[in-house]
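Visitor: Please take a close look at the metal sites of this model. What holds each of them, and what surrounds them in the chain?

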Amino acid sequence: MATLNRKRKLDQTLIQKLYHDVPSKDPTRESFLKRLKTYDVFNWSGKPVDPPLCALHGWEIAEKDVLKCVMCHQFMSVTLPSPTKDAPYKHACSKLKSRLASAHSKFCLYSTNQVPDSVLEIEHVSNMELQDTIQQQLLAFKNIEALCKVSELQDEIKEIFDWFLETTAIPDVHLSSFTFVLTGWKFLQDDMLLKCDYCNRKWSIEPYLSQKNLTEKNDSVRTTVDPVAQHQRWCAWRAPTRGWKSRLLQLQQLKESRCREKRSRLSSDSCDSLTDRMRTVRKLLNGTL
Ligand SMILES: [Zn+2]
Ligand SMILES: [Zn+2]
C-alpha cells in the first residue's frame, strides 16, 4: 500500500513537472515574430515582398535595404531600381523573391524553409486559453470606452460579447474593448496605445475615446475607428478567414457547445426528478411510505 501511495505521489509530481515545464509559447513562432518585429514602414516600404514572407525564410532587417539571415548570417541587399524603369524593376523584384530561399549558405536550415506556414496565421489557441487570454486582456481596458466599429459582423460580435459577460464576471468592460481584444489589440494603459504583437503597429486610442472618458470638456466631434483596418496591410489578424474572424468563430462554437451542455444537464436533471417522483408513487401504492 505504501509503495502504491509513493508511486501515485511520484506520478503526480511528474505530471506537475511536465505541466509546468511545457513552454507556453511556441519557440518557432516566437523567433519568427522576433524577426518580423525588425521590419517597419521606414525600412520596408514599397517592396514587392511582405515582411512575413521574408521572416518565414529566416531574414531580419540588418539595416535599411539589407537583410540578414539569423542562422547562417548571410547578408542580402534588397535595393531596387526605380519602378519607373519597368523592365529592370520587374526583374529585380522577381530576383528578390527567389533569393529569399537561395541566398542562404549551403547548409543553412532556412534554405529549405523549416518554418511551418501556420506562423503566417494568428496564433490558434485552445478554448480554455482563449477565454483566459481574452479575460486578461479585457482587464487592462477597465472603464475605457471608445467609438469603434468593425465594418462587418457587428451583430455577431455583440452577441458573443453579451454571452462572454454572462459567463465571466468582468465588471466595467465595454463592447469596444471586447472588439479591440477580439481583433488582435492589446492595451498599453500608461501610453494609451493599442498594440498588435504580430504586425507591431501601435496607435493612440485617445482620438476615439467616448465623451465620458475625456478628462476635460471637449465638444469636438469624436471619430469612429475600424480596429481591423488599423493593422498593417499584411497582418495575420486581417486575413479574410484565418484572421480575427477565426477567433470569433471559435467563440461562437464554444458558446454553442456550452449551451448544449447546459440543455442536456437540465434535461437529465428533470429526468432524475421524474424518476424520483415515480419511485415515491410506487412506494405509496405499495404502502411502504
Ligand atoms: Zn540562412
Ligand atoms: Zn497587426
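**The zinc sites and their surroundings**

Guide: C72 and C108 are both buried, where buried means under 20% relative accessible area, exposed over 50% and partly exposed in between (1.4 Å probe, protein chains only). The model is predicted; local features need pLDDT of at least 70 and side-chain atom pairs pLDDT 80 or more, while totals for chains, interfaces and linings use all residues. Residues are numbered from 1 along each chain as its sequence is written, chains are lettered from A and ligands numbered from 1 in the order written, and side-chain values use heavy atoms, without hydrogens or water.

The zinc ion (ligand 1) has as protein donors C69 (SG), C72 (SG), H104 (ND1) and C108 (SG), at 2.1 to 2.3 Å. Donors are N, O and S atoms within 2.8 Å of the metal (3.2 Å for Na, K and Ca); water is not among the atoms, so sites may look incomplete. The angles subtended by the four donor atoms run from 99 to 119 degrees, which makes this arrangement tetrahedral; for four donors that term requires all angles between 85 and 135 degrees. Along the chain, the donors of ligand 1 follow the spacing C-x2-C-x31-H-x3-C. C72 and C108 link distant parts of the chain, 36 residues apart: C72 sits in the loop between β2 (66–69) and β3 (75–77), and C108 in the loop between α4 (86–102) and α5 (127–140). Helices (H or I, at least four residues) and strands (E, at least two) are DSSP runs, numbered from the N terminus.

The zinc ion (ligand 2) is held by C196 (SG), C199 (SG), H231 (ND1) and C235 (SG), at 2.1 to 2.4 Å. Its four donor atoms make angles of 102 to 121 degrees, and the site is tetrahedral. The sequence spacing of the donor residues of ligand 2 is C-x2-C-x31-H-x3-C. C196 and C199 are both buried.

Strand β5 (residues 193–195) contains L194, which is buried at a relative accessible area of 0%. Setting aside residues up to four places away in sequence, L194 touches F141, F180, W185, K186, F187, R201, K202, W203 and I205; contact means heavy atoms within 4.5 Å. F180 lies 14 residues from L194 along the chain, with 8.4 Å between their C-alpha atoms. F180 is one of the buried residues of α7, as are S176, S177, F178, T179, V181 and L182. Seven of the eight residues of α7 (residues 175–182) are buried, so this helix is largely enclosed by the rest of the structure. After α7 comes G184, with a positive phi near 100 degrees.

As for the whole protein chain, it has eight helices and six strands, and 35% of its 289 residues count as buried. Of its contacts between residues at least 6 apart in sequence, 63% join residues at least 24 apart. Mean pLDDT, the predictor's confidence in each residue on a scale from 0 to 100, is 86 for the chain, with 82% of residues at 70 or more. Residues 13–23 have pLDDT below 50, and in the model this stretch makes zero contacts beyond near neighbours in sequence. Where pLDDT is low, the predicted coordinates should not be read in detail.

Definitions and conventions:
Tetrahedral: all angles 85-135°; square planar, octahedral: opposite > 155°, others 65-115°.
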